[in-house]
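Me: I would like to work through this protein chain step by step. Please keep the answers short and end each one on what I asked for.
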Amino acid sequence: MMLILLPVAFLLPPRTGAGEIVGGHEAKPHSRPYMAFLRIQEGHNYKRCGGFLVTENFVLTAAHCRGDRISVTLGAHNIDKREPSQQVIPVSRQIPHPRYNKNTFNNDIMLLQLAKSAELNDVVDTIPLPEEDDTVELGSVCSVAGWGRTSPKKNTSLLHEVELKVMSDGTCQEYVQIRHFYRPGMMMCVGNPAEKKAILQGDSGGPLVCDGKAQGIVSYGSANGSTPSVFTKLSKYLCWIQKSQRLH
């Protein structure tokens, strides 16, 4: 079995990331005003990721969503249309975690500084981050949203969402595809494979939302949803986030 590298639009051996919404449904338009759509240029190619607005001029996403140039679209539901609600803002600075490891996905987190501040309103707004001592109880049902694929061969331009159950660290360590890369305490194990719900290509960088707070960032998972998905655990990176914002 192959793991998928979330930001890419095709499978890469031997591991690739996770990013599509499988087993979910279309979100109510503009019900998640913090969601950001990232259009990423790498050379002559383009890829997509998700992200989320944490201040008027900073978006959080996954470090593996880096590129030569990134533009952020806020206030979107259908990213194939230029909706009046949309704000398209270029990224002036990409700030990946300095210890991000592209082979293991350790520290898969990145701040994007916007070229100008977003205008906050009913459809563009920030989402709170957790406190350092926040914990998400096992069995909690949290949600993920994104513009990733809804099946291995089906793209969507509409924001979709899915509810996923928080699993134990030990659950992810039971899967041979994950155990060598999973870091208990720094990552979150999310999604029961038996429920046939998953995130795969295109949703990388989006938030795991539990009780109104962003608790994780979509990092990686299996290509067919046969394992839980892995999220970067936000509560472990609050000091880095705050320091990086102050320095830029």
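Me: Which strands does helix 2 lie across, and at about what angle does helix 2 run to strand 9?
Reply: This is a predicted model. In it, helix 2 covers residues 238-247. Helix 2 lies across strand 5, strand 6, strand 8 and strand 9. Its angle to strand 9 is about 30°.

Me: Why do the buried residues of helix 2 line one face of the helix?
Reply: The buried residues are Leu238, Trp240, Ile241 and Ser244. Look down the axis of helix 2: these residues fall within one arc, so they line one face. That arc is 165°.

Me: Which strands do the buried residues of helix 2 pack against?
Reply: Start with the other side. The face turned away from the buried side carries the exposed residues Arg246 and Leu247. The buried residues of helix 2 pack against strand 6, strand 8 and strand 9.

Me: In what order do the 6 strands close into a barrel?
Reply: The chain has 2 helices and 15 strands. Of these strands, 6 close into a barrel with antiparallel pairing. The twist averages 40° from one strand to the next. The barrel order is 4-5-6-9-8-7.

Me: How many bridges join strand 4 to strand 5?
Reply: Strand 4 and strand 5 form a hairpin with 2 residues between them. In the turn, glycine 43 has a positive phi of about 65°. The two strands run antiparallel, and the number of bridges joining them is 8.

Me: Which residue in strand 7 stands opposite glutamine 41?
Reply: Strand 4 (residues 35-42) pairs with strand 7 (residues 69-74) over 6 bridges, in the antiparallel sense. Alanine 36 has leucine 74 as its bridge partner in strand 7. In strand 5, glutamine 41 stands opposite tyrosine 46. In strand 7, glutamine 41 stands opposite arginine 69.

Me: How many of the 8 residues of strand 4 are buried?
Reply: Across the chain of 248 residues, 55% count as buried. Strand 4 is mostly covered. Its buried residues number 6 of 8.

Me: Why does glycine 185 count as partly exposed?
Reply: Glycine 185 lies in the loop between helix 1 (169-173) and strand 12 (187-190). Beyond four places in sequence, glycine 185 touches Asp169, Lys233 and Lys236. Partly exposed lies between the buried cut-off, under 20%, and the exposed cut-off, over 50%. Glycine 185 counts as partly exposed because its relative accessibility is 22%.

Me: What separates the C-alpha atoms of glycine 185 and lysine 233 in space?
Reply: Along the chain, these two residues are 48 residues apart. Their C-alpha atoms are separated by 7.5 Å.

Me: Which residues is histidine 25 in contact with, leaving aside its neighbours within four places in sequence?
Reply: Histidine 25 is found in strand 3 (residues 25-26). At 45% relative accessibility, histidine 25 counts as partly exposed. Alanine 145 is 120 residues away in sequence and 9.5 Å away in space, C-alpha to C-alpha. The contacts of histidine 25 are with His160 and Glu161.

Me: Over which residues does pLDDT stay under 50?
Reply: The chain averages a pLDDT of 86. At least 70 is the score of 85% of the residues. The stretch where pLDDT stays under 50 is residues 1-20.

Key:
Residues numbered from 1 in each chain as written. Predicted model: local features only at pLDDT ≥ 70, side-chain atom pairs only at ≥ 80, totals over all residues. Heavy atoms only, no water. Helix = DSSP H or I, 4+ residues; strand = E, 2+ residues; numbered from the N terminus. Buried < 20%, exposed > 50% of the residue type's maximum accessible area, 1.4 Å probe, protein only. pLDDT = per-residue confidence, 0-100. Contact = heavy atoms within 4.5 Å. Pairing = 2+ DSSP bridges. Axes fitted to C-alpha atoms, helices over the stretch in contact; angles between N-to-C directions. Arc of directions from axis to C-beta.
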